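User: I'm new to this one and keep tripping over the labels. Could you walk me through why things are called what they are?

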Amino acid sequence: QLAFLKQNLKIREQNATQLLKALKSYGEYLQLPEWPAHAEHAFMMFPIVVQSRKVKVKDLTEHLEKWNIETRPIFPLVDQPVYRKLFGDILHRYPVAENLNKNGFFIGCHVELGRKDIAYIAEVFQMFFKKHTLV
C-alpha cells in the first residue's frame, strides 16, 4: 500500500471534501471536521460530532446503519482499556473527550468511495433530517 500512499491520501481528502460539502447544511446539528490549509489529514475515517440536543447520536447512527452506512463510535484515548487500567475512570476530567465519547462517531472515507456513494450518504442524512423535521 505504500506505493499508493500519495494517491490514496489524495482520494481520501477529495472524498472528505465532498462529504463536507454534502453535509454542511446540517452544521447547526453536526460538527464536521476542519483542518488548516498548511496541514494534511489522512481521513482514515470521517469524524462527526452531534452538537445539538435535537439530534440523538443513537438515532442518527441507527438510521445510517439501517441504510448500510457503517458507523464507528469515537473512543477518546483516556477511555481506552489500557488508560483505564493505568489511571482509572478519568473521562469525567476531560469534558471534550467525554463529549466525543457520548456524541461522536465516524463514517467511512476510504478510497473505494465514489461520487455515487457520497451522494447516497448525503441522501441518507437528508432522509434522517427530514424524518426528524429538522430541515
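Analyst: Sure, and let's begin with a cut-off: a salt bridge needs a side-chain nitrogen of Lys or Arg within 4 Å of a carboxyl oxygen of Asp or Glu. Arg 84 and Asp 79 come to 3.3 Å, N to O, so the pair fits that rule. Keep in mind that this is a predicted model.

User: What makes Asp 79, Arg 84 and Asp 89 one network?

Analyst: Arg 84 also forms a salt bridge with Asp 89, where the closest N and O atoms are 3.5 Å apart. Salt bridges with shared partners join Asp 79, Arg 84 and Asp 89 into that network.

User: Are Asp 79 and Arg 84 buried or partly exposed?

Analyst: Asp 79 has a relative accessible area of 15%, and buried means under 20%, so Asp 79 counts as buried. Arg 84 has 37%, which falls between 20% and 50%, so Arg 84 is called partly exposed.

User: Why is the pair Glu 62 and Lys 58 called a salt bridge?

Analyst: Their closest N and O atoms are 3.7 Å apart, and the limit is 4 Å, so the pair qualifies. Both residues lie in helix H2, 4 residues apart, which is about one turn of the helix. By this rule the count comes to 4 salt bridges.

User: How do you know whether Lys 58 and Glu 62 are exposed or partly exposed?

Analyst: Set them against the cut-offs. Lys 58 has 55% relative accessibility, and exposed means over 50%, so Lys 58 is exposed. Glu 62 has 44%, so Glu 62 lands in the partly exposed range.

User: What is Glu 65 in contact with, leaving aside its neighbours within four places in sequence?

Analyst: Glu 65, which is found in helix H2 (residues 57-66), is in contact with Glu 70 and Thr 71 once those neighbours are left aside. A polar atom of the Glu 65 side chain lies 2.6 Å from the backbone nitrogen of Thr 71. At 35% relative accessibility, Glu 65 counts as partly exposed. The C-alpha atoms of Glu 65 and Lys 10 are separated by 27 Å, with their places 55 residues apart along the chain.

User: What makes E4 largely enclosed by the rest of the structure?

Analyst: Of the 5 residues of E4, 4 are buried, so E4 is largely enclosed.

User: How do you know that E4 pairs with E2 and with E3?

Analyst: Count the bridges: a pair needs at least two. E2 and E4 are joined by 5 bridges and run antiparallel, so they pass. Strand E3 (residues 71-73) and E4 have 3 bridges, again antiparallel, so they pass too. As for partners in E4, Val 49 has Gly 104, and Pro 73 stands opposite Phe 105.

User: Which residues touch the most other members of the largest nonpolar core?

Analyst: That core has 27 residues, and Leu 30, Phe 46, Ile 48, Leu 60, Ile 107, Phe 125 and Phe 129 touch the most other members. The elements giving two or more residues are helix H1 (5-23), strand E2 (45-50), H2, strand E4 (104-108) and helix H5 (115-131). H5 gives the most, with 6 residues. In soluble globular proteins, nonpolar side chains tend to be buried together.

User: What is odd about phi in Phe 43 and Asn 68?

Analyst: Phi of Phe 43 is near 45°, a positive value in a residue other than glycine. Asn 68 has a positive phi of about 65°, and Asn 68 is not a glycine either. Phe 43 is found in the loop between strand E1 (30-31) and E2, while Asn 68 is in the loop between H2 and E3. Phe 43 has a relative accessible area of 0%, under the 20% cut-off, so Phe 43 is buried. Asn 68 has 73%, over the 50% mark, so Asn 68 counts as exposed.

User: Last one: how confident is the predictor in this chain?

Analyst: The mean pLDDT of the protein chain is 94, and 99% of its residues reach 70 or more. Among the elements, helix H3 (residues 81-87) has the lowest mean at 93, and H2 has the highest at 98.

Technical notes:
Residues numbered from 1 in each chain as written. Predicted model: local features only at pLDDT ≥ 70, side-chain atom pairs only at ≥ 80, totals over all residues. Heavy atoms only, no water. Buried < 20%, exposed > 50% of the residue type's maximum accessible area, 1.4 Å probe, protein only. Contact = heavy atoms within 4.5 Å. Polar contact = N/O pair within 3.5 Å; in protein donor to acceptor, adjacent residues only side chain to side chain. pLDDT = per-residue confidence, 0-100. Core = buried A, V, L, I, M, F, W, Y, C linked by side-chain atoms within 4.5 Å.
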